[in-house]
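Dear colleague,

I am handing over the two-chain model we spoke of, and you will find the sequence and the coordinates just below. After them I set out what was found, beginning with the interface and ending with some backbone details that you may wish to look at yourself.

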Amino acid sequence: MIADARGVLTGAHFLSGNEATCEGALAAGCRFVAGYPITPSTDIVERIASRFPTLGGTFIQMEDEIASSIAILGAVWAGQKAMTVTSGPGFSLMMEHIGLAAISETPCVIVDVQRGGPSTGLPTLPGQADLMQARWGSHGDYEIIALAPNSPQESFEMTIEAFNLAEQWRVPVFLMADECVGHMVEKVVIPPAEEIEIYPRRYTKQPPDQYMPFRAGADLVPEMARAGQGYNLHVTGLTHDERGYPVINAACQEQLVRRLVDKIRLHADEIVSCEEYGLEDCEIVLVSFGITSRIAFRALQLARKEGLRVGMLRLRTIWPFPETRVRELAQRVGAFVVAEMNLGQMVYEVERCAAGKARTLLAPHAGGTVHSPAQILELIRKAAQ
Amino acid sequence: MTILHPVDTLLRQERMPHIWCPGCGIGTSVNCFARALLQSTLELKQVAIVSGIGCTGRVAGYMHLDSFHTTHGRAIPFATGLKLGNPNLKVVVYSGDGDLISIGGNHFIHAARRNVDLMVVCINNFNYAMTGGQAAPTSPLTSLATTTPYGNYETPFNLPNLAESSGAVYVARWTVFHVRQLVRAYAEALTRKGFVFIEVLAPCPTLYGRRNRLGDAVEMVEQYKASAVIKNGASTREVGLGMTGPIVVGKFVDQPRPTFLEAMHEQMRARLGKKYVPLEMTT
């Protein structure tokens, strides 16, 4: 289906990444946002609070991020598309309901405008150190999808993509922005509503006496119903059977958790999206994402001037990790250089998928500002030796 | 289906038997709640029930309604999203004292302050029963629990007073001895708008009763009968509970004020006029 035109601010604008994220959510059909103020994400909910009342949306400032992250799940089961927005410390508090969203297969979008951590860290300065938390932060086995925009334009587009992926796979989807992308202001072109594709909620057409709320189809995703339709749904955070009823044993755990994981793992190649540059004949692959990918690209240009054969794999989807692509590349390149604004997280994935077939070098940064191109260039030179 | 009991239609028969111990008061409260629902004019498919974690947290799973069994302490913020996401729903939160008042205490006071249109039922059995009988913020002074083996020395919350002072528009307390009054209280509360709070004292003979030598379930309920003082309109300041002494029951507060959604609509219309578009239901 196409986007509801009322939420689409068609035209060319000068927007920050955070403002563009807000517009992306509106275009995607999000009409419920619960949030709690936290730098550097607050301007998203501020714009939502201002824009929603004329567009048929409800914003509520909750008492904390724990409450925000479950209020959106309630709104989804009421029939809304819903989002919450936060940064590191709030993201930590939301882990509880990321698990609930995963096990109850509640489609929702969580935006993490990353800052430096741990703890209160660097409230006003950027980081990219929440990647593993996004992947593994809640307890138990589960899978999620996470996207990393590198511009305000992409913040707009990826927020829509995040909602679409959430609806398609019934998982929480994270927009892993960072303070730089959130606050940089650039041209953002918002297309007409009819050019924006929206993945509709997968509501069941089964009558209540035949509907099994957690029986999945071929793609391992069950159809949804919402409160108030007469389905007498039961939704629980306990391990449950296809009816949604708690069953506390190993067989049901295997069946449910295996499916929750497989629905993403087995479709990873379909979900993953990367931007590639000059990979055809390169010897060194620069791997980066988010704001760091823009500095990495400058380093790539400088390295090419020096005659170094460098290509780039920019991760648009950071989870699931583009495992297939990295494994392919590892067969024929000499090295990967991973540039990320943390002291080594995504590099573990690259190293795992390179599986000893190509060297893996890390260009780390503790956060607070971006890398300099020279830092990354230095690693490229080292990789070329 | 053979109807065996007047409230059968409201229970998920396929989920029986339930997990509650013999003598537990939660089932009695559920029976009263189901009767109140059957008496009400509400369309049952528009009624949703939300629970947290614990013995009472299992109530949602036994009610033949749209039912949500959420995380520990978070039933109220889930219910807030559910209600605001579809204002046509009647949303009932049904959970225990540890869940709603300890880990969920912050959500409780803020939902009451906002006057979110929720009926909140707190089954108070004075301890954490699901985990084996630990002290709760409702445990009376000197009471014994696994984590207060020498007696509790923390002052418990007075729940009706907490609810009223946080902004609840309707506050009542009954025990599971008072089944008729409880049905009436539930039925009345279902007609009220805004944050409605009912505390129900329920025996936990297996843990709280046994440790504190309060006898079996029948003796515990007899104690409720003997100690209960019905005092409608009582000041909530004066209804705190101890190990012994009177149990003041009745309807303490019934004072409407604009709900969260009413206040939001009014404010938005005042500032935005015809530009204001309230949330639409998904079709």
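**The interface between the chains**

Across the interface, 38 residues of chain B are in contact with 41 residues of chain A. Please keep in mind throughout that this is a predicted model. On the side of chain B that touches chain A, the elements giving two or more residues are β2 (66–69), α3 (75–85), α5 (105–114) and α10 (260–272) of chain B. Of these, α3(B) gives the most, with eight residues. Sorted by class, that side of chain B holds 16 nonpolar, 16 polar and six charged residues.

Two of the helices named above also pack against each other within chain B: α3(B) and α5(B) meet at an angle of about 40 degrees, and their axes are 8 Å apart. From α3(B) the contact draws on B:I76, B:P77 and B:T80, while α5(B) supplies B:H107, B:F108 and B:A111. By class, this contact between α3(B) and α5(B) has four nonpolar residues, two polar ones and no charged residues.

**A sheet with strands from both chains**

The two chains are also joined through strand pairing, since strand β10 (residues 234–236) of chain A pairs with β2(B) in the parallel sense over three bridges. Within that pairing, A:H234 has B:S67 of β2(B) as its bridge partner.

The pair belongs to an open sheet of nine strands, which runs in the order β10(A)-β2(B)-β1(B)-β3(B)-β4(B)-β8(B)-β7(B)-β10(B)-β9(B) and whose pairing is mixed. The edges are taken by β10 of chain A and β9 (228–230) of chain B, each of which has a single partner strand, so one side of each is left without a neighbour in the sheet. From one strand to the next, the twist averages 20 degrees.

**Chain B as a whole**

The secondary structure of chain B amounts to 10 helices and 10 strands. Its radius of gyration is 19 Å, close to the 19 Å that the globule rule gives for 283 residues, so chain B is as compact as a globular protein of that length. Taken along the principal axes, the C-alpha atoms of chain B fill a box of roughly 65 × 50 × 30 Å. Buried residues account for 54% of the 283 residues in chain B. Among the contacts in chain B with a separation of 6 or more, 65% are between residues 24 or more positions apart.

**A buried helix in chain A**

In chain A, helix α1 (residues 17–28) has 12 residues and reaches 16 Å from its first C-alpha to its last, which is close to the 16 Å expected at 1.5 Å a residue. As for its surroundings, 12 of the 12 residues of α1(A) are buried, so the helix is largely enclosed by the rest of the structure. Among those buried residues are A:N18, A:E19, A:T21 and A:E23, together with A:L26. The residue that follows α1(A) is A:G29, whose phi is positive, near 100 degrees.

**Backbone details to look at**

Most residues other than glycine have a negative phi, and most peptide bonds are trans. Against that background, the following places may deserve your attention.

- The peptide bond from A:T39 to A:P40 is cis, with omega near 5 degrees, and A:P40 sits in the loop between β2 (32–35) and α2 (42–51) of chain A.
- In chain B, the peptide bond from B:M16 to B:P17 is cis, with omega near 5 degrees, and B:P17 belongs to the segment before α1 (26–39) of chain B.
- A:L220, a residue other than glycine, has a positive phi, near 75 degrees, and is found in the loop between β9 (185–190) and β10 of chain A. With 18 other C-beta atoms within 10 Å, A:L220 is partly exposed.
- B:T142, a residue other than glycine, has a positive phi near 75 degrees, and lies in the loop between β6 (134–135) and α6 (159–166) of chain B. B:T142 has 14 C-beta neighbours inside 10 Å and counts as partly exposed.

With kind regards

Definitions and conventions. Residues are numbered from 1 along each chain as its sequence is written. Chains are lettered from A and ligands numbered from 1 in the order in which they are written. This is a predicted model: local features need pLDDT of at least 70, side-chain atom pairs count only at pLDDT 80 or more; totals for chains, interfaces and linings use all residues. Two residues are in contact if their C-beta atoms, placed from the backbone, lie within 7 Å. Helices (H or I, at least four residues) and strands (E, at least two) are DSSP runs, numbered from the N terminus. Ala, Val, Leu, Ile, Met, Phe, Trp, Tyr, Cys and Pro count as nonpolar, Asp, Glu, Lys and Arg as charged, and the others, Gly among them, as polar. Two strands pair if DSSP finds at least two bridges between them. Axes are lines fitted to C-alpha atoms, for helices over the stretch in contact, and angles run from 0 to 180 degrees between N-to-C directions. The radius of gyration is taken over C-alpha atoms; the globule rule is 2.2 Å times the number of residues to the power 0.38. A residue is buried if 20 or more other C-beta atoms lie within 10 Å of its own, exposed if 12 or fewer, and partly exposed in between; C-beta atoms are placed from the backbone. The expected span of a helix is 1.5 Å times one less than its number of residues.
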